[in-house]
Amino acid sequence: MARPKKPTDDKTQSLKKHGALNPHPHKVVEKMFSDSLLEFFDPRDLVQVKYEMLRAVDRRGCSVKQASEAFGFSRPAFYQAQSQFRQEGVTGLVKKRPGPKSAHKVSDEIMAFIEEKIKVGKPLGARKLAPLIKEKFGKDVHPRSIERAVTRRKKKRK
């Protein structure tokens with residue numbers, strides 16, 4: 001059965017676009033976020049919820065357990081947010097894209113090897129190149145990663 005679509009407004013779209021949409025706003029039970037007179041506090045705003053959770057411990061003297069439960073997080077998530085906030089400030093509370101940030105397996109040396117093996121006018125043959133790379137460099141590189149690396153190189157040259 002298909003899930004019903006949630007209504008989205010401009011703020012929800014903006015929070016989502018910037019990685020600041022709280023995936024579980026219903027877990028925030030802190031009264032400042034549920035008081036209808038305090039329209040400023042929005043449980044959908046992940047950065048605001050995390051910041052207020054940190055403030056509850058730092059300024060109001062709540063325990064980490066109390067604060068993390070009231071704001072809908074686990075204790076490890078609290079400590080992670082605290083560490084990120086100390087290192088980067090408020091921007092550290094925004095979700096980061098998971099995984100590697102760039103192509104890290106296909107080095108310049110491997111790319112030169114790939115280009116050496118590619119024959120002009122012939123298909124790429126990434127599936128055949130992957131075991132050759134493993135043999136020569138000792139790195140497991142997925143054929144799709146090879147294809148993306150070759151495409152990126154071609155775009156740079158244009």
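Me: What makes F41 count as buried or exposed?
Reply: Good place to begin! In this predicted model, F41 has a relative accessible area of 18%. Buried means under 20%, so F41 is buried.

Me: And why is F40 called buried or exposed?
Reply: The relative accessible area of F40 is 62%. Exposed means over 50%, so F40 is exposed.

Me: How do you know what kind of aromatic pair F40 and F41 form?
Reply: A pair of aromatic rings is described by the distance of the centres and the angle of the planes. The structure holds six aromatic pairs. For F40 and F41, the centres are 5.2 Å apart, and rings pair if their centres lie within 6.5 Å. The planes stand at 85°, and over 60 degrees counts as edge-to-face. So F40 and F41 form an edge-to-face pair.

Me: Which residues form an aromatic cluster with F40 and F41?
Reply: F33 and F71 join F40 and F41 in one aromatic cluster.

Me: What makes Y51 and F85 an aromatic pair, and of which kind?
Reply: Their centres are 5.7 Å apart, which is to be set against the limit of 6.5 Å. The planes are at 65°, with edge-to-face starting over 60 degrees, so Y51 and F85 are an edge-to-face pair as well. This pair links distant parts of the chain: Y51 belongs to helix α3 and F85 to helix α5, 34 residues apart.

Me: How do you know whether Y51 and F85 are buried, partly exposed or exposed?
Reply: Y51 has 31% relative accessibility and F85 has 28%. Partly exposed lies between buried, under 20%, and exposed, over 50%. Therefore Y51 counts as partly exposed, and F85 is partly exposed too.

Me: Why are α6 and α8 called roughly parallel, antiparallel, perpendicular or oblique?
Reply: Helix α6 (residues 108-117) and helix α8 (residues 143-157) pack at an angle of about 90°, and their axes are 11 Å apart. Angles of 65 to 115 degrees count as roughly perpendicular, so that is the word for α6 and α8. On the α6 side, the contact is made by D108, M111, I114 and E115; α8 brings I146, A149, V150, R153 and R157. Five of these residues are nonpolar, none polar and four charged.

Me: What puts the buried residues of α6 on the same side?
Reply: I110, M111, F113 and I114 are the buried residues here. They cover an arc of only 160° around the axis, so they lie on the same side of α6. On the other side, D108, E109 and E116 are exposed. Among what covers the buried residues of α6 are α7 and α8.

Me: How do you know which word fits the angle of α7 and α8?
Reply: The angle between α7 and α8 is about 105°, with the axes 8 Å apart. The range for roughly perpendicular is 65 to 115 degrees, so α7 and α8 are roughly perpendicular to each other. In this contact, A126, R127, L129, A130 and I133 of α7 meet P143, I146 and E147 of α8. By class, six are nonpolar, none polar and two charged.

Me: What makes E30 count as buried or exposed?
Reply: E30 sits in the loop between α1 and α2. With 13% relative accessibility and a limit of under 20% for buried, E30 therefore counts as buried. Leaving aside neighbours within four places in sequence, E30 is in contact with R60, A70 and F71.

Notes:
Residues are numbered from 1 along each chain as its sequence is written. This is a predicted model: local features need pLDDT of at least 70, side-chain atom pairs count only at pLDDT 80 or more; totals for chains, interfaces and linings use all residues. Side-chain values use heavy atoms; hydrogens and water are left out. Axes are lines fitted to C-alpha atoms, for helices over the stretch in contact, and angles run from 0 to 180 degrees between N-to-C directions. Helices (H or I, at least four residues) and strands (E, at least two) are DSSP runs, numbered from the N terminus. Angles under 35 degrees count as roughly parallel, over 145 as roughly antiparallel, 65 to 115 as roughly perpendicular and the rest as oblique. Contact means heavy atoms within 4.5 Å. Ala, Val, Leu, Ile, Met, Phe, Trp, Tyr, Cys and Pro count as nonpolar, Asp, Glu, Lys and Arg as charged, and the others, Gly among them, as polar. Rings of Phe, Tyr and Trp (its six-membered ring) pair if their centres lie within 6.5 Å; planes under 30 degrees apart count as stacked, over 60 as edge-to-face and the rest as tilted. Buried means under 20% relative accessible area, exposed over 50%, partly exposed in between (1.4 Å probe, protein chains only). The arc is that of the directions from the helix axis to the C-beta atoms.
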